[in-house]
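Colleague: I should be grateful for a close look at a single part of this model, namely the open sheet and what surrounds it. Please treat the subject as one connected account.

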Amino acid sequence: MRPFLTLVRNTASLVSTRAVCSDSGSKWTKPAGFDTGLKTYNSLTKHKEPLVLAKEGVATWYSCGPTVYDHAHLGHACSYVRFDVVQRILTRLFGINVTHVMVITDIDDKIIQRGLEENISPFVLARMYEEEFKSDMMALKVLPPAVYMRVTENIPQIVAFIEGIISNGHAYATGQGDVYFDTRSIGSRYGKLVNFGDAAEAPGVKEKRDPRDFALWKASKPQEPYWMSPWGRGRPGWHIECSTIASSVFGSQLDIHSGGIDLAFPHHENEIAQCEAYHKCDQWGNYFLHSGHLHLKGSSEKMSKSLKNYITIKDYLQSHSANEFRLFCLLTKYRSAIDYSDASMNEARSTLSAISAFIHNAQAYMQGQLLCQTIQESFLWERLSAAQASVRSALADDFDTPKAMDAIMSLIYHGNCQLQPITKSDGTSRSPAVFGAMLTYIRDIMDALGVDLLDRKESHDDLSGVLHNVVEQLVRFRSEVRNFALSVEGQATQDLQNSIQPPRKKPHPDRVPLLKACDALRKDLVPLGVQIKDRGTTSTWEITQQQKEIKDKES
């Protein structure tokens with residue numbers, strides 16, 4: 001057991017400015033400040049509301065981080081990736097600097113219990129899983145918050161916060177050393193999020209004045225870590241940690257609070273009650289954003305550790321990429337429930353492959369390796385402009401990523417319609433610039449959403465650049481052999497290489513085995529993740545996801 005910790009009271013770190021409180025009920029008030037022009041669904045009103053920030057160009061954002069006692073799973077990943085997308089949209093597309101703070105719950109009943117089961121200090125256990133969580137988020141390309149804050153490093157601030165709530169008449173201590181929030185003291189203001197005012201968090205506790213009251217401080221039990229406090233040995237309740245830490249950074253007003261929909265009650269509801277009681281204000285958090293549950297297909301239950309129906313992030317990334325999971329999230333609205341299945345992952349993979357294939361073909365056209373019919377250039381410029389407007393409009397309307405993806409895929413569809421290959425040039429002028437603009441936009445917008453189409457982070461192999469050059473040389477050598485095999489008897493290879501298309505006459509019989517070998521090599525490389533496309537006398541190649549698809553089938 002870790003040595004007992006003696007509390008050093010320090011109220012200086014808590015923001016001292018407190019708003020004047022009144023009993024105006026649970027009605028939401030539109031904030032005063034900078035109107036971003038965006039709309040977002042607010043769980044406080046159950047409607048889309050204009051997003052108004054206290055300061056122009058800055059959004060203060062608090063999110064509930066993990067309780068670190070086990071491996072993170074796809075249910076966690078879904079919520080964190082979705083809100084990472086929202087934050088990227090605010091920053092990259094609308095120029096809003098998001099100041100994001102996340103708490104790490106490193107002391108909790110589950111952490112203590114797991115530590116006892118594994119005969120390890122709960123503090124060591126928490127650090128182990130905290131580092132694993134951060135590693136998982138990095139692998140999923142989730143941007144880290146401005147700062148992670150641990151509960152155990154904020155105990156003095158938590159105790160001071162509880163004392164403030166008590167002095168304001170909204171909490172009480174029991175003879176057993178527990179402290180409870182007095183829900184009756186705030187009347188109808190309790191139940192802002194889900195209107196569960198009559199629900200009991202823990203019925204049957206005699207010390208409670210009301211069954212809805214919840215613990216701010218828990219008296220210690222045998223074999224549990226504890227800290228000294230004015231009420232004796234104990235540790236913080238679950239909800240008080242977030243109220244304290246958010247207030248210690250952002251004070252009495254918060255722009256955005258996010259988390260999974262399962263946290264709305266009781267956690268976020270109780271956070272609101274605590275903060276408004278402490279700060280003496282009517283509206284502490286202006287916008288509460290909640291992400292939908294992730295379900296395993298065929299199950300109505302959310303993916304969770306307690307139900308033991310989860311897939312860990314590490315296991316998922318053994319057979320899928322971070323890009324694929326992000327596409328999976330982008331294809332549904334962030335606040336909608338989402339089913340995880342082979343079909344839904346295949347849809348995400350197919351979408352990613354379609355984008356990559358278009359980029360590859362457009363580049364081949366720009367490089368002169370793909371001969372096409374006359375391009376309707378003005379039409380493509382119009383489609384590009386329309387796509388840009390549609391994407392921006394969709395993302396400004398509650399971060400509607402499915403609608404934005406539809407606009408992007410529509411642009412790709414129109415681009416593909418123009419990239420119809422022909423075998424012989426008709427002498428018409430080419431239009432590479434419009435495809436360059438389309439590629440640049442698609443790459444930029446997908447990068448803004450967190451999808452790296454250049455695959456710069458998909459491979460951790462330092463030899464990836466060497467591999468690229470090896471494949472390039474292999475394909476070039478194969479093209480020379482293929483062109484030689486396709487040449488008719490008596491025709492110089494040099495003449496063939498300068499021609500626009502292979503001759504239609506049959507190749508020399510002695511060279512047929514070479515042609516078959518070239519075809520066999522092309523087919524054999526597909527399961528290894530290299531796809532070669534023969535385009536007349538030239539060949540192009542790309543790295544595909546085919547190798548991972550085969551691994552999935554084998555597993």
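Modeller: The account below begins with the sheet, moves to the helix and loop beside it, and ends with other elements of the chain. The model is a predicted one.

The open sheet has five strands, arranged in the order E5-E4-E3-E10-E11, and their pairing is parallel. Its edges are formed by strand E5, residues 147–150, and strand E11, residues 285–291, each of which pairs on one side only. On average, and with direction ignored, neighbouring strands of this sheet are turned by 25° against each other.

At the E5 edge, the partner is strand E4, which covers residues 97–105; the two strands pair in the parallel sense over four bridges. Within this pairing, Val103 stands opposite Met149 of E5.

Helix H3, residues 122–139, lies across three strands of the sheet: E3 (58–67), E4 and E5. Relative to E5, H3 runs at about 160°.

The loop between H3 and E5 contains Leu140. This residue is buried, because its relative accessible area is 2%, where buried means under 20%. Leaving aside residues up to four places away in sequence, Leu140 touches Ala77, Val81, Ile313, Leu317, Ala322, Phe325 and Arg326. A further relation across the sequence is that of Leu140 to Lys314: the two are 174 residues apart along the chain, while their C-alpha atoms are 10.0 Å apart in space.

Strands E7, E8 and E9 show antiparallel pairing. Strand E7 (residues 179–181) is joined to E8 by two bridges, and Val179 has Trp217 in E8 as its bridge partner. Three bridges join E8 to strand E9, residues 234–236; here the bridge partner of Ala219 is Gly234 in E9. Strand E8 itself spans residues 215–219, and four of its five residues are buried, so E8 is largely enclosed by the rest of the structure.

Finally, helix H9 occupies residues 342–366 and has 25 residues. From its first C-alpha to its last, H9 reaches 36 Å, close to the 36 Å expected at 1.5 Å a residue. After H9 comes Gly368, whose phi is positive, near 80°.

Terms used:
Residues numbered from 1 in each chain as written. Predicted model: local features only at pLDDT ≥ 70, side-chain atom pairs only at ≥ 80, totals over all residues. Heavy atoms only, no water. Expected span 1.5 Å × (residues − 1). Pairing = 2+ DSSP bridges. Axes fitted to C-alpha atoms, helices over the stretch in contact; angles between N-to-C directions. Contact = heavy atoms within 4.5 Å. Buried < 20%, exposed > 50% of the residue type's maximum accessible area, 1.4 Å probe, protein only.
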